Structures are given as C-alpha cells and as structure tokens.
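User: Could you take a close look at one part of this model, the early stretch of the chain? I'd like to know how its pieces connect, with the cut-offs spelled out.

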Amino acid sequence: MSIMNCRFYEDKFPEPETVVMVQVKQITELGGYVKLLEYDNIDGMMLLSELSRRRIRSINKLIRLGQELPAVVLRVDKEKGYIDLSKRRVTMEDAEACQLRYNKSKKIHSIMRHVAEKTHTPIEDLYKHIGWPLDKKYGHSIDAFKLSITNTEVWNEVTFPNEAVKLELQSYIFERLAPQPTQIRADIEVTCFSYEGIDAIKEALRTAEALSTDEIKVRVKLVSSPLYVITTTCLNPDAGVSIIQAGIDAITTSIRRVGGDCHVKMAPKAVTESDDAELQALMESRERENQQVSGDEDDSESDQGVIVE
C-alpha cells in the first residue's frame with residue numbers, strides 16, 4: 001500500500017446505518033458497484049432494490065458511472081471487506097450532513113497528503129498522531145486546524161512524528177486556512193440642492209469615514225454624481241456590513257439636516273471580483289460620458305470635487 005493512501009477516519013470500516021460518500025465504478029443488472037471515498041476506496045454494493053423507492057425502469061437514470069453520492073451502510077463484512085449500501089434510504093438531512101462532513105474531510109486529506117509528500121512521512125502516521133486525536137477532541141480536525149491559527153494550545157493534544165512535520169503542517173495550515181479579507185460595499189445616492197450644496201455632501205460623506213477603526217477602514221468614492229460607493233475590507237463580514245450600515249445612517253442624518261437626502265441603491269453586502277469589475281466599468285463609462293459633455297469648465301470641476309478619499 002502506498003504511503004499516500006489512507007482512510008479519512010480511525011475506524012477501518014463504517015458502522016451500519018452510517019451515511020457515507022461513495023462513487024459509482026460499475027453498473028450491472030443487479031445494481032451498482034461503488035467505492036467508499038472516505039474509507040480508502042474499499043468496495044461496496046448497492047442492489048437494484050436499494051436505489052429508489054419507486055419502480056425502476058432504467059438503472060442508468062438513477063446512477064451513472066463516476067457519480068458521487070451519499071449512501072446508507074446496511075451491512076458490513078469486515079472479514080471480506082465488503083459492504084452493502086442503500087441510496088433510497090438516505091434522507092435530505094442525511095445527504096446534507098454527509099456532504100458537509102465529506103467536504104471537511106477532503107480538505108484535511110489534502111493537507112495531510114501535502115505534508116506527507118513534503119516530509120516523506122506515511123500519511124497514516126500523520127492521521128494516527130495528529131488527525132484522529134484531534135477528531136476525538138474537537139469533533140473534526142478541520143475545526144482544530146482553524147483554531148490553531150490563533151490558539152497554539154491545540155497542538156498540546158498531539159504528538160508530532162518529528163519537527164519537520166510540525167513546521168510544515170503549521171505553515172501549510174496558515175497558508176490554506178487563514179481567514180481571507182472580505183470586501184463589503186454599499187451604493188448610495190446623495191443629493192442636496194440647498195445653499196450648502198456640495199459642501200454639505202462632502203461633510204455628510206466624511207461622517208461615514210469617521211466611523212473607521214484600526215481594524216476596519218471605511219472609504220467613500222464618487223462613481224458619478226449623485227452615485228457614491230462606501231467600501232471596507234475586513235476579516236469579519238458581519239462587522240463590515242454593520243459599520244457600512246452605520247455609515248449610511250450617519251450620512252442620511254447629516255444630509256437631511258440641511259434639506260438633502262440619501263437613498264440606498266445597494267444595501268451593504270460582500271462583493272466579488274465580478275462585482276468590482278462591473279463597478280469599475282461603470283465608473284469608466286461615466287467618466288467618458290462626462291468628458292463628452294461640453295459646458296463651463298468650472299462647473300465640471302465642481303461636480304468632480306465631491307469625491308471623498
């Protein structure tokens with residue numbers, strides 16, 4: 001057996017009534033032959049009668065080669081290493097829980113394989129010394145790995161095979177699992193036609209930026225009057241949304257004191273690179289439109305002067 005092969009969990013075989021993730025490797029008139037992805041690809045069988053609660057007219061409409069799906073373990077023959085499974089007995093809740101656990105375990109296995117390759121350590125040794133003890137303590141070792149980024153006491157629960165494994169594992173966990181900053185954005189329209197005009201808008205927008213903290217910086221930019229965007233980048237999306245919303249409330253209160261108004265065009269939310277690209281395209285489009293408009297140069301400069309950096 002390759003030093004890179006190992007089951008995900010300490011038990012060599014799943015217990016009856018456990019829901020496991022399988023992959024279909026062969027389809028016959030009797031049913032489907034599968035491999036158990038979480039148990040080092042050991043063989044299993046799903047009889048035709050266990051594929052669906054309804055009358056089966058075509059097995060190929062129920063399963064296909066290469067398909068990954070959750071299945072309930074019915075019987076386990078540990079001596080022969082053979083397992084009977086059922087697809088039809090899996091509930092929606094069972095399937096969701098199985099998929100969630102499988103996704104976590106795949107991530108752990110990827111980390112273990114990396115460390116095993118880098119340190120030339122059998123992957124099963126890593127599971128025995130690190131993964132499975134953390135599973136017992138924290139429910140799932142992925143949760144322990146994430147916690148270890150801010151709390152090194154997690155490692156008190158394990159015994160590393162050697163120092164090279166410890167250093168490689170800890171550095172790779174930080175690389176793979178450290179939380180990434182999230183950009184939060186809101187779009188608003190701010191207008192004021194009173195005597196204070198642009199100065200009042202500038203002052204209102206600054207009230208949002210004044211809410212910045214050391215951890216969360218709030219920025220306001222002009223797209224094209226009267227449209228502005230409020231943005232921040234932070235590790236905690238909920239905190240980012242809260243501070244952007246507070247900024248909108250501050251702008252609204254400030255501008256309404258002088259007869260202006262603030263309308264939310266897009267509520268605070270986490271945005272993707274695609275959202276940023278759309279915004280950039282909009283800003284460039286508005287800039288080209290402004291350049292094509294003829295008129296008094298001083299008026300044009302006044303319009304651009306409401307940008308808050």
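Analyst: Let's start with a cysteine: Cys-6 has a relative accessible area of 5%, so Cys-6 is buried (buried means under 20% relative accessible area, exposed over 50%, partly exposed in between, with a 1.4 Å probe and protein chains only). Cys-192 is buried too, at 9%. A search of the whole structure still turns up zero disulfides, a disulfide being a pair of cysteine sulfur atoms within 2.5 Å.

Some ground rules. This is a predicted model, so local features need pLDDT of at least 70 and side-chain atom pairs count only at pLDDT 80 or more, while totals for chains, interfaces and linings use all residues. Residues are numbered from 1 along each chain as its sequence is written, and side-chain values use heavy atoms, with hydrogens and water left out.

Now the aromatics. The structure has six aromatic pairs. For Phe, Tyr and Trp (its six-membered ring), a pair needs ring centres within 6.5 Å; planes under 30 degrees apart count as stacked, over 60 as edge-to-face and the rest as tilted. Take Phe-8 and Tyr-102: their ring centres are 6.5 Å apart and their planes sit at 20°, so this pair is stacked. Phe-8 belongs to the segment before strand S1 (19–27) and Tyr-102 to helix H1 (residues 92–119), so the pair ties together parts 94 residues apart in sequence. (Helices, H or I with at least four residues, and strands, E with at least two, are DSSP runs numbered from the N terminus.) How accessible are the two partners, Phe-8 and Tyr-102? Phe-8 is at 8% relative accessibility and counts as buried; Tyr-102 is buried as well, with a relative accessible area of 5%. For another stacked pair, look at Tyr-127 and Trp-132, with 5.4 Å centre to centre and 25° between the planes. Tyr-127 and Trp-132 are both buried. Back with Phe-8, ring pairs link Phe-8, Tyr-9, Tyr-39 and Tyr-102 into a cluster.

On to the strands. Five of them close into a barrel, going round as S1-S2-S3-S5-S4, with mixed pairing; the twist averages 50° from one strand to the next. Two strands pair here if DSSP finds at least two bridges between them.

Let's go round, beginning with S1. S1 and S2 (residues 31–36) are antiparallel over five bridges, and Gln-23 has Lys-35 in S2 as its bridge partner. A hairpin of three residues joins S1 to S2. Next, S2 and S3 run antiparallel and share six bridges, with Val-34 opposite Gly-44 in S3. That link is a hairpin too, with five residues between S2 and S3, and Asp-40 in the turn shows a positive phi of about 55°. From S3 (42–47) to S5 (residues 82–86), the sense is parallel, over three bridges. Gly-44 turns up again here, standing opposite Ile-83 in S5.

Then there is the S1–S4 side. S1 and S4 (residues 68–77) pair antiparallel over five bridges. Val-20 stands opposite Ala-71 in S4, and Met-21 has Pro-70 as its bridge partner in S4. H1, the helix that carries Tyr-102, packs on the sheet and touches S1 and S4; its direction makes about 90° with that of S1. (Axes are lines fitted to C-alpha atoms, for helices over the stretch in contact, and angles run from 0 to 180 degrees between N-to-C directions.)

One loop residue deserves a mention. Glu-50 lies in the loop between S3 and S4, and at 8% relative accessibility Glu-50 counts as buried. What does Glu-50 touch, leaving out residues up to four places away in sequence? The list is Leu-74, Leu-85, Ser-86, Lys-87, Arg-88 and Arg-89, where contact means heavy atoms within 4.5 Å. Leu-74 falls within the residue range of S4, while Leu-85 and Ser-86 fall within that of S5.

For context, the chain holds eight helices and nine strands, and buried residues make up 39% of its 309 residues. Among contacts with a separation of 6 or more, 67% come from residues 24 or more positions apart.
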